[in-house]
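Here is a colleague's note to read beside the structure. Please keep the chain in view and go through the points in order.

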Amino acid sequence: MAEPALAQPVALTGPQSVASPLLWAVTILGLVLLLALDFALTHRPHEVSMREAVAWSAFYLVLPLAFGAYLWFSFGSGQSVEFLTGYLVEKSLSVDNLFVFILLLSTFAVPPALAQRVLLYGIVGALVLRGVFIALGAAMLQAGTWAFLVFGAVLLVTAARLLRDTVAGREHEVDITQMRSVRLLRRLMPVTREYHGTRMVVRVAGRRTLTPLALAVVAVFATDIVFAVDSVPAVYGITEDPFLVFATNAFALLGLRALYFVLQAALTKLAHLDFGLAMILLLIGGKLVLHWAHDVWPWVPEIPTLLSLAGVVLILLTVTLTSLWANRRADARRADGDRTPRAEVSPPGERSA
């Protein structure tokens, strides 16, 4: 009779995963090959045309859909829905990354031909950082269900801060003079005023000197850390499978370079995106807290994954429509202002009657 009691600790082995070592190896190999292809394409700096950006964006949209279909036929609808929901959440958060990337590239005056190389470095850094955070998250989940409460609290605090900054009009502010990483680099090494192609270090008067490209890459890496802290707990709110968490992050990040050039102008028109992202973080944060509470008090309800997916889609659709409506009202006000007759000014020396 003692044997069943010995079998109970199996629940402490940590999050279960659908992935075998072979599937992990194939996925990572495919990711490395795609990154190598991106590096080959950006080896010779060039301005990305809209046609090229749209083609690559479509390619990176088909990939996760095909992967979701593979999960459906291989492991069932549950894993496929979890992956697609997590991918949609991560893609939404990655669009927020693009806002910051746009500001950083503009602040550092990165030439258009070098922008895709900076973005690629940023994507690689984000993948590495999120891999580390995913491993830490899996270890926390293995230690106990309290990790869900921690993840939920992180997302709820982040959502509250995002809402506060958005209401105050401080969203997406970037002050590189206050970035510790950039200030530290400037103290350690001199920096040239001009760019030297894709080189980040050059020799000036026999001394190794950084180029502005190096500062831009470091600034992007620094923002990657902040986004990793938010994005990894968010997707753990959808699935506990570390492989699916990694896959959603990888697929969401891979298409960022091309998506940047497609949405560079359109992103500024999504005036209410930050409100939507805050609502998504509140939704997933609440889902995590309820999941933790359900383990402690079974009568507490949980939020199903399909309901989470419907909520995320509804939020994104709503903020897109309200942003378009706000833009139309702003355009109409500007047009009315242009048509408003202006008071005539008397020529110098003339007195009005």
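1. Start with a cut-off. A residue is called exposed when its relative accessible area is over 50%, and buried when that value is under 20%; partly exposed lies in between. Val 128 has a relative accessible area of 55%, so Val 128 is exposed. One caution applies throughout: this is a predicted model.

2. Now the overall layout. The chain holds 12 helices and 2 strands. Read from the N terminus, the order is α-α-α-α-α-α-α-β-β-α-α-α-α-α. The chain has 353 residues, and 42% of them are buried. About 19100 Å² of the chain is exposed, and carbon and sulfur atoms supply 66% of that area. Contacts reach far along the sequence. Among those between residues at least 6 apart, 77% join residues at least 24 apart.

3. Helix H5 deserves a look of its own. Helix H5 covers residues 112-143 and includes Val 128. Val 128 also belongs to a nonpolar surface patch, together with Val 132 and Leu 136. The patch measures about 270 Å².

4. Next along the chain is Leu 129, also placed in helix H5. Is Leu 129 buried, exposed or partly exposed? Its relative accessibility is 23%, so Leu 129 counts as partly exposed. Leaving out residues up to four places away in sequence, Leu 129 touches Phe 221, Asp 224, Ile 225 and Ala 228. Take Asp 224 from that list. Leu 129 and Asp 224 are 95 residues apart in sequence, yet their C-alpha atoms are 7.5 Å apart in space.

5. Then comes a charged pair. The salt bridge count is 1. Arg 130 forms a salt bridge with Glu 90, and the closest N and O atoms are 3.3 Å apart. Arg 130 sits in helix H5 and Glu 90 in helix H4 (residues 77-107), so the pair links distant parts of the chain, 40 residues apart. Why do such pairs form? Side chains of opposite charge can pair when their charged atoms come close. Are the two partners buried or exposed? Arg 130 has 3% relative accessibility and counts as buried. Glu 90 is buried too, with a relative accessible area of 0%.

6. Turn to the interior. Which residues touch the most other members of the largest nonpolar core? They are Phe 108, Val 110, Val 118 and Tyr 236, in a core of 69 residues. Helix H5 gives the most to this core, with 12 residues. Another core lies apart from it, made of 11 residues, among them Ala 19, Phe 67, Tyr 87 and Ala 247.

7. Look more closely at Tyr 236. Setting aside neighbours within four places in sequence, Tyr 236 is in contact with Ile 134, Gly 137, Ala 138 and Leu 141, among others. Its contacts also include Phe 148, Phe 151, Pro 242, Val 245 and Leu 288.

8. The strands form a hairpin. Strand S1 (residues 201-204) and strand S2 (residues 207-210) run antiparallel, joined by 4 bridges. Which residue of S2 is the bridge partner of Val 204? The partner is Arg 207. The hairpin has 2 residues between the strands, and Ala 205 takes a positive phi near 55° there.

9. One last residue to check is Val 182, placed in helix H7 (residues 180-188). Val 182 is buried, because its relative accessible area is 3%. Val 182 and Ala 216 are 34 residues apart along the chain, and their C-alpha atoms are separated by 8.5 Å.

Note on methods
Residues are numbered from 1 along each chain as its sequence is written. This is a predicted model: local features need pLDDT of at least 70, side-chain atom pairs count only at pLDDT 80 or more; totals for chains, interfaces and linings use all residues. Side-chain values use heavy atoms; hydrogens and water are left out. Patches are made of residues with over 30% relative accessible area and no salt bridge: like charges are joined within 9 Å, nonpolar side chains (Val, Leu, Ile, Met, Phe, Trp, Tyr) within 5 Å. Accessible areas come from the Shrake-Rupley method with a 1.4 Å probe; for residues, only the protein chains shown count as cover. A salt bridge is a side-chain nitrogen of Lys or Arg within 4 Å of a carboxyl oxygen of Asp or Glu. Buried means under 20% relative accessible area, exposed over 50%, partly exposed in between (1.4 Å probe, protein chains only). Two strands pair if DSSP finds at least two bridges between them. A nonpolar core is a set of buried Ala, Val, Leu, Ile, Met, Phe, Trp, Tyr and Cys residues joined through side-chain atoms within 4.5 Å. Contact means heavy atoms within 4.5 Å.
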